Amino acid sequence: MKLNSLRLSVLLLAVWLIAYAVLPLAVNVLVYKLLSLEEGTRLTSSLYFFLYEAPKVLLLMVIVVFGVGIVRSYFSPEKTRKVLENKPLLLGNVLASALGIVTPFCSCSAVPLFIGFVEAGIPLGVTFSFLTAAPMINEIAVVLLFGLFGWRVALLYVSMGLAIAILAGYVINKLNVERYVEDWVYAIRSKPQNSREEVLTLNARVEFGFTQVREIVSKVWVYLLVGIAVGAGIHGYVPENFMAGLMGKSAWWAVPVSVLIGVPLYSNAAGIIPVVHALLEKGASLGTTLAFMMSVIGLSLPETIILRKVLKLPLIFIFVGVVGTGIMLVGYLFNAIM
Amino acid sequence: MVIKVLGSGCTNCKTLEKRALEAVVSVHVTATVEKVTDIRAIAAYGILRTPGLVIDEEVVSSGSVPTVDAIKGLIVSHAAKGTS
């Protein structure tokens with residue numbers, strides 16, 4: 001009997017569950033029995049963190065990327081564009097932000113997507129809502145937050161990210177920034193493409209999920225291991241509460257400084273979350289940490305450089321400024337209420 | 001037959017170009033493979049995702065890197081359409 005992708009996925013799911021279940025025990029045995037390391041030392045604590053978190057986060061990532069891959073096979077930028085055409089402003093911002101989460105999108109395609117949206121007559125603010133939500137509310141970020149901190153933090157992250165994307169797009173639209181788009185963008189008249197949306201079978205969608213896992217995991221595992229290694233170092237060697245003064249609630253300047261540091265830093269969600277985990281553990285406040293994380297994965301230097309091809313410099317600054325302000329507000333809000 | 005690879009130089013675009021060349025060699029058609037990196041030219045094809053694959057000015061795929069076999073299939077079906 002030939003295994004099709006659907007059957008294979010059920011089999012692999014069982015293997016996954018067993019691996020996830022025995023992981024804590026396996027790491028315990030490895031660290032304390034096989035390597036017979038002394039409990040409580042800095043080295044042991046760092047090593048334990050690494051050996052436990054690395055496979056755990058990898059396992060979580062594989063299952064999430066697979067699941068999201070299947071969900072994404074139902075969406076495409078072309079369909080999203082059709083939904084957003086002729087929608088009134090605020091509704092357009094809400095839809096664009098929500099679709100930004102599920103539409104398959106890579107920031108390397110930001111420019112053709114931007115041009116395609118402009119050509120379809122979608123307001124700039126709506127397009128910016130999409131471009132803000134798509135990288136920031138990243139499935140990997142959400143599920144890793146869920147895995148490491150629980151559903152409350154994950155839900156907070158998603159709802160705050162959506163709020164920022166909706167409001168940033170709305171504000172940008174009110175600023176009448178059309179003149180800051182490169183003029184040639186408006187002149188583009190593309191050839192109409194015959195859209196052949198093929199209907200996929202479930203088996204094909206599962207295959208798409210596998211492809212996504214191969215592509216994404218092979219791309220991000222390095223970031224992930226480096227992120228976890230940094231996290232492990234912080235976990236073992238940085239004293240308890242060290243971050244309380246620097247990134248705690250009492251330091252009012254911590255939020256803007258975190259955002260300023262976060263914007264030029266470039267990492268994907270998989271790499272930044274272990275660092276976030278370790279920061280929180282050492283006394284950094286949730287608001288400041290979330291602001292840091294959002295600015296690292298939501299606003300990235302490479303993406304703004306790519307967008308410079310279609311946007312004049314003032315609009316780049318407006319975009320980064322408006323989204324950055326939103327992120328700071330979220331940071332202060334969380335520090336105030338948590 | 002003119003095959004164009006649309007993309008501004010990301011890794012996916014380079015992979016697609018390589019696969020397109022491979023496909024052309026193995027299906028024995030006379031075809032040239034060109035790279036289009038100018039963003040205006042790319043946008044004119046109306047694709048929302050790169051990389052894009054164009055055969056004789058018709059966009060046959062965008063946003064993904066088809067396998068060599070899939071590209072061969074696209075070339076063959078396009079050639080069949082042209083002659084019929």
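The exercises below, each with a worked solution, concern a predicted model with chains A and B.

**Exercise 1. Describe the make-up and overall dimensions of chain B.**

Begin with the elements: chain B contains three helices and four strands, and, read from the N terminus, these follow the order β-α-β-α-β-β-α. Next, take the extent of the chain, whose C-alpha atoms occupy a box of roughly 30 × 25 × 20 Å along the principal axes. The radius of gyration of chain B is 12 Å, and because a compact globule of 84 residues would have a value near 12 Å, the two agree. As a further step, consider burial, which applies to 37% of the 84 residues in chain B. Finally, look at the contacts between residues at least 6 apart in sequence: in chain B, 63% of them join residues at least 24 apart.

**Exercise 2. Work out which strands pair with strand 1 of chain B, and in which sense, parallel or antiparallel.**

Take strand 2 of chain B to start with: strand 1 (residues 2–6) and strand 2 (residues 32–36) pair in the parallel sense, with five bridges between them. Two of the residue pairs can be followed by name, since B:Val5 has B:Lys35 as its bridge partner in strand 2, while B:Leu6 has B:Val36 as its partner in that strand. Then turn to strand 3 (residues 52–55) of chain B, which pairs with strand 1 in the antiparallel sense over four bridges; here B:Ile3 stands opposite B:Ile55. The link between the parallel strands can now be added, for strand 1, helix 1 (residues 11–27) and strand 2 of chain B form a right-handed β-α-β unit. The last step concerns the surroundings of strand 1 of chain B: four of its five residues are buried, so this strand is largely enclosed by the rest of the structure.

**Exercise 3. Establish how many residues of helix 5 of chain A are buried, and what covers them.**

Helix 5 of chain A spans residues 110–119, and eight of its 10 residues are buried, so that the helix is mostly covered. The buried residues are A:Ala110, A:Val111, A:Pro112, A:Leu113, A:Phe114, A:Ile115, A:Gly116 and A:Phe117. Their cover includes, from chain A, helix 3 (77–84), helix 6 (124–136), helix 9 (183–187) and helix 15 (301–307), and, from chain B, helix 2 (39–44).

Moving past the end of the helix, one comes to A:Gly121, which has a positive phi near 80 degrees and lies in the loop between helix 5 and helix 6 of chain A. This glycine counts as exposed because it has 9 C-beta neighbours inside 10 Å, where the cut-off for exposed is 12 or fewer. A:Gly121 and A:Glu207 are 86 residues apart in sequence, and their C-alpha atoms are 35 Å apart in space.

**Exercise 4. Set out what each chain gives to the contact between chain A and chain B.**

Count the residues on each side: 17 come from chain A and 14 from chain B. On the side of chain B that touches chain A, helix 2 of chain B gives the most, with five residues. Sorted by class, that side of chain B has nine nonpolar residues, three polar ones and two charged ones.

**Exercise 5. Identify the residues with the most contacts inside the largest nonpolar core, and then examine A:Ile140 as buried or exposed.**

The largest nonpolar core has 107 residues, and the ones with the most contacts inside it are A:Ala141, A:Leu144, A:Ala291 and B:Ala20. Helix 2 (residues 42–72) of chain A gives the most to this core, with 10 residues. Setting aside neighbours within four places in sequence, A:Ala141 is in contact with A:Tyr157, A:Ala269, A:Ile273 and A:Ile297.

For the second part, locate A:Ile140 in helix 7 (residues 139–149) of chain A. A:Ile140 counts as buried because it has 23 C-beta neighbours inside 10 Å, the cut-off for buried being 20 or more. Not counting residues up to four places away in sequence, A:Ile140 touches A:Met61, A:Val64, A:Ala269 and A:Ala270. With A:Ala270 the separation is 130 residues in sequence and 6.5 Å in space, from C-alpha to C-alpha.

Technical notes:
Residues are numbered from 1 along each chain as its sequence is written. Chains are lettered from A and ligands numbered from 1 in the order in which they are written. This is a predicted model: local features need pLDDT of at least 70, side-chain atom pairs count only at pLDDT 80 or more; totals for chains, interfaces and linings use all residues. Two residues are in contact if their C-beta atoms, placed from the backbone, lie within 7 Å. Ala, Val, Leu, Ile, Met, Phe, Trp, Tyr, Cys and Pro count as nonpolar, Asp, Glu, Lys and Arg as charged, and the others, Gly among them, as polar. Two strands pair if DSSP finds at least two bridges between them. A crossover is right-handed if, with the strands pointing away from the viewer, the path from the first strand over the helix to the second runs clockwise. A nonpolar core is a set of buried Ala, Val, Leu, Ile, Met, Phe, Trp, Tyr and Cys residues joined through C-beta atoms within 7 Å. The radius of gyration is taken over C-alpha atoms; the globule rule is 2.2 Å times the number of residues to the power 0.38.
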